[in-house]
Structures are given as C-alpha cells and as structure tokens.
Amino acid sequence: MHPYIEVRDRYNEGRGLLSNSRIRRRSALAALGALFFASCTKRQAKDRRLAPEFSLKDADGKTVRLSDYRGKVVLLDFWATWCGPCKLEIPWFMEFERKYKDRGFAVLGVSMDDDGWPAIKPFLQELGVNYRVVLGNEKTGDAYGGIEALPTAFLIDRDGRVAFEHVGVSSRRMFENDIEKLLEAPAGDKRAALQ
Amino acid sequence: MISKSYWKLLPAISALLCSSPALAQTPVLTVKAPAGVVVKKGQTVEVKVSAALNAGFHLNSHTPTEDYLIPLTLTWDGPLKTVDVVYPKPQMEKYSFDDKPLSVLTGQFSLVTKFEAPAGVAPGPVTLNGKVRYQACNNNSCFQPKTVPVTMTIQVLP
C-alpha cells in the first residue's frame with residue numbers, strides 16, 4: 001500500500017471526529033500527498049522508457065547484460081559498500097529474490113564502488129547476498145540519468161521498461177506492492193502495472 | 001475553509017514538489033583557507049581551514065564508527081612539511097538507516113594543519129595544494145565521495 005493510500009485510509013477512519021473545516025484541511029493535505037506520490041508514480045508509468053542496456057562484469061568476471069533478463073521483472077539496485085542506507089535495503093532485496101524468483105523476478109545489484117571487487121566481495125560475503133551483483137561505472141550511471149544519490153533502485157517490467165524509480169531508502173511494502181503488480185502483468189501488457 | 005481555487009492549485013503544487021530542486025539537492029562542501037600566513041624557516045605554524053556543509057546533510061568524521069564508511073581527510077602537497085592535521089570533534093548522531101549512532105560532522109567546522117618550514121626551504125611565498133575528501137549523506141541517501149581542492153600561500157621568512 002502506498003503511503004498516500006494509508007494517509008487516505010487513516011483520514012477516512014477518523015473523519016467522524018473532525019469538524020468540517022478540519023476535514024477539508026486534512027482532505028486537502030491528503031490529496032496533496034496523494035498527488036505528490038501519484039504524479040511521481042504516474043509520470044513513470046505514462047512515460048515508461050526502455051531501460052538502458054549495459055554490459056558489466058559480475059564477481060566471477062562474467063559479462064552480464066540487462067537484456068539477459070528480458071521477460072523478467074528486474075529490481076536494478078545502484079548501491080555502494082560505503083552507503084549506510086543501501087545496507088538497510090539489501091536484506092529486503094535478498095528476501096524478494098527468494099520469494100519471487102520462481103515467478104520471473106530477479107534482483108540485480110550495480111555497485112558504484114570506485115575501489116572495485118576488493119571492497120565489494122567481502123561485503124557481499126558478510127551480508128550473504130543471494131542475488132547477482134555487477135560492478136557499475138559512470139557511463140552506466142549516466143545512462144540511468146546520472147546516479148547522484150544511493151541507493152537508487154529501478155523496477156523494470158518484463159518488456160525491459162522502467163516502471164518505477166526509488167531514490168533513497170524506500171519502504172519495503174512499496175517495493176513489494178510494485179513488484180507484485182509488475183509480476184501480475186504479462187509481458188506486453190503495460191496497463192496493469194502501477195495503475 | 002478551503003476555497004475551490006485552492007483545489008485547482010493542487011496538481012500544480014504537486015508537480016512543483018516532484019520537480020523541486022530542493023528534493024534533488026546534493027551535498028556541497030565549501031572550503032576556505034586563510035590568507036596572510038607567515039612562518040619562519042625551521043619553525044612551525046598552525047593554519048585553520050574553514051569548511052561548511054550545506055544544511056540537511058552530514059559527512060563522516062575522520063574517525064567513522066564503521067569500517068565501511070569513508071572518512072573525512074585533508075592532505076597537502078607543497079614545500080612545507082605537514083606535521084599534523086587536527087580534525088574537528090565529531091557529533092554522534094542516530095539515523096534511521098543505521099542501528100548505531102554515527103560519528104559525523106554537520107554545518108560549519110574547521111580543520112587545523114600544523115606545517116613546518118624545513119631549514120632548506122627558500123624564503124618567500126610558497127604554494128600549498130590541499131585536498132579535502134569527504135562522503136556525505138542525508139537522512140535516506142548517500143552521495144558519491146568528493147574531493148574539494150584548497151590552495152593556500154604561506155610566506156616563509158628567513
């Protein structure tokens with residue numbers, strides 16, 4: 001459930017106790033919140049663009065291309081070992097990988113560490129990361145609009161299009177809702193996702 | 001009472017919020033070295049470099065609490081010897097993304113460097129090139145490590 005829906009629900013539950021002016025004020029605030037989230041979300045859905053292709057190496061030196069994942073819902077997570085907020089999300093993503101992988105879902109981590117694999121490998125081992133991680137670079141970041149803040153995660157639909165973008169720590173529930181919606185939408189059907 | 005015109009403004013306000021530069025703001029550290037510093041040959045001098053980080057951000061102190069965090073550092077290149085760099089006393093702050101408080105700096109602070117003018121250095125002005133390296137975050141994001149150059153001229157006296 002998106003936060004604005006929760007705001008709306010809480011508003012509906014409590015409206016019997018409120019005066020008309022307070023109801024209108026709260027209603028306006030809830031609507032503002034809804035529009036804030038919805039317009040950000042809808043803009044992503046309406047203007048859905050093809051996720052930029054890349055070719056990067058994983059920890060074993062194997063080449064990984066985004067197009068290898070076509071037909072799957074992909075959570076593409078830009079992160080770094082020095083990023084505290086990224087560490088908060090990684091266990092969620094590990095759980096999503098376990099929970100949804102049989103339904104055509106995959107997490108793909110893109111590390112933006114300048115120090116490369118010597119910094120990344122021990123970190124992945126320590127956390128027991130169960131999904132694939134590749135080493136990113138500035139070119140890849142630029143292709144995704146210039147990754148300034150970490151974590152930045154993109155949810156990519158089965159057609160390889162960016163359905164959602166989360167900048168900074170997001171809510172686990174929001175990720176799960178969006179993943180579920182994208183998994184329910186068959187490839188080629190762009191109507192179901194995030195409507 | 002909320003007028004109908006207010007409701008009409010909501011989509012515009014929402015669009016503004018979504019595209020607001022404030023939401024996409026990045027950390028900026030400004031660093032300033034003092035002018036008019038003098039030191040006699042063979043003696044030492046302490047120089048205070050002022051730094052200011054824009055509001056809403058914090059950066060890791062020189063002694064972060066976690067191994068994986070990138071510390072604040074100041075390094076110098078030039079004809080004077082860097083004897084010591086004294087970093088500001090950090091604050092211990094708790095953030096929602098970490099269980100433990102983090103050792104950080106916010107707002108304005110100073111970095112003090114003790115230089116020694118070696119006996120062999122020629123009297124006159126010398127240029128020192130410094131680099132302040134930091135990695136900053138806000139409440140829910142972290143930003144790529146950055147290096148800010150700082151240049152200073154010190155007059156060496158005979």
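A pocket is an open set of grid points with protein on both sides within 12 Å along at least five of seven lines, and its lining residues have an atom within 4 Å of a point. The legends below describe close-up views of a predicted model.

**Figure 1. The second largest pocket, with lining residues from chains A and B.** The volume of this pocket is about 370 Å³. Its lining comprises 18 residues, and those nearest the centre are Thr81(A), Trp82(A), Asp67(B), Tyr68(B) and Leu69(B). Helix α4 (residues 117-127) of chain A supplies the largest share of the lining, five residues. By class, the lining of the second largest pocket holds nine nonpolar residues, eight charged residues and one polar residue.

**Figure 2. The second largest cavity and its lining.** Two cavities of 30 Å³ or more are counted in the model. The second largest cavity encloses about 30 Å³ of space. From chain A, Gly84(A) takes part in the lining, together with His58(B), Asn60(B), Leu69(B), Phe97(B), Leu102(B), Cys137(B) and Cys142(B) from chain B. Five of these lining residues are nonpolar and three are polar, while none is charged. Leu69(B) lines this cavity and is also one of the residues nearest the centre of the second largest pocket. Rolling a probe the size of a water molecule over the atoms reveals where empty space remains.

**Figure 3. Surroundings of Leu88(A) in helix α3 of chain A.** Helix α3 spans residues 84-100 and includes Leu88(A). With neighbours within four places in sequence left aside, Leu88(A) is in contact with Val169(A) and Phe97(B). Phe97(B) also belongs to the lining of the second largest cavity. The C-alpha atoms of Leu88(A) and Ser170(A) lie 9.8 Å apart, although 82 residues separate the two in sequence. Is Leu88(A) buried, partly exposed or exposed? Its relative accessible area is 29%, and the residue is therefore classed as partly exposed, given that buried requires under 20% and exposed over 50%.

**Figure 4. An aromatic cluster in chain A.** A search of the whole structure yields 13 aromatic pairs over all chains. One of them joins Tyr100(A) and Phe105(A) in an edge-to-face arrangement, with 5.8 Å from centre to centre and 75° between the planes. Tyr100(A) has a relative accessible area of 2% and is buried. Phe105(A) is likewise buried, at 1%. Ring pairs connect Tyr100(A) and Phe105(A) with Phe93(A), Phe96(A) and Phe175(A) in a cluster.

**Figure 5. The aromatic pair of Trp76(B) and Phe115(B).** Why is this pair edge-to-face? The planes of the two rings stand at 75°, with the centres 5.3 Å apart, so the pair is classed as edge-to-face, a term that applies to planes over 60 degrees apart whose ring centres lie within 6.5 Å. Trp76(B) is located in strand β5 (residues 73-77) and Phe115(B) in strand β9 (residues 108-116) of chain B; the pair thus links distant parts of the chain, 39 residues apart. Both Trp76(B) and Phe115(B) are buried.

**Figure 6. The cis peptide bond from Leu150(A) to Pro151(A).** The omega angle of this bond is near -5°. Pro151(A) occupies the loop between β6 (149-150) and β7 (152-156) of chain A.

**Figure 7. Secondary structure and surface of chain A.** Chain A contains six helices and eight strands. Their order from the N terminus is α-α-β-β-β-α-β-α-β-α-β-β-β-α. Of the 195 residues of this chain, 49% are buried. Chain A exposes about 9400 Å², with 49% of that area supplied by carbon and sulfur atoms. Among contacts in chain A between residues at least 6 apart in sequence, 71% link residues at least 24 apart.

**Figure 8. Secondary structure and surface of chain B.** One helix and 13 strands make up the elements counted in chain B. The order from the N terminus is α-β-β-β-β-β-β-β-β-β-β-β-β-β. Of the 158 residues of chain B, 42% are buried. The accessible surface of chain B is about 8500 Å², and 56% of it belongs to carbon and sulfur atoms. Among contacts in chain B between residues at least 6 apart in sequence, 72% join residues at least 24 apart.

How values were computed
Residues numbered from 1 in each chain as written. Chains lettered and ligands numbered in written order. Predicted model: local features only at pLDDT ≥ 70, side-chain atom pairs only at ≥ 80, totals over all residues. Heavy atoms only, no water. 1 Å grid on protein atoms, 1.4 Å probe; cavity = no way out; pocket = protein on both sides within 12 Å on 5 of 7 lines; lining within 4 Å. Points joined across faces, edges and corners; volume = space filled by probe spheres on them. Nonpolar A, V, L, I, M, F, W, Y, C, P; charged D, E, K, R; others polar. Helix = DSSP H or I, 4+ residues; strand = E, 2+ residues; numbered from the N terminus. Buried < 20%, exposed > 50% of the residue type's maximum accessible area, 1.4 Å probe, protein only. Contact = heavy atoms within 4.5 Å. Areas by Shrake-Rupley, 256 points an atom, 1.4 Å probe, with all protein chains shown as cover. Phe/Tyr/Trp six-rings, centres within 6.5 Å; stacked < 30°, edge-to-face > 60°.
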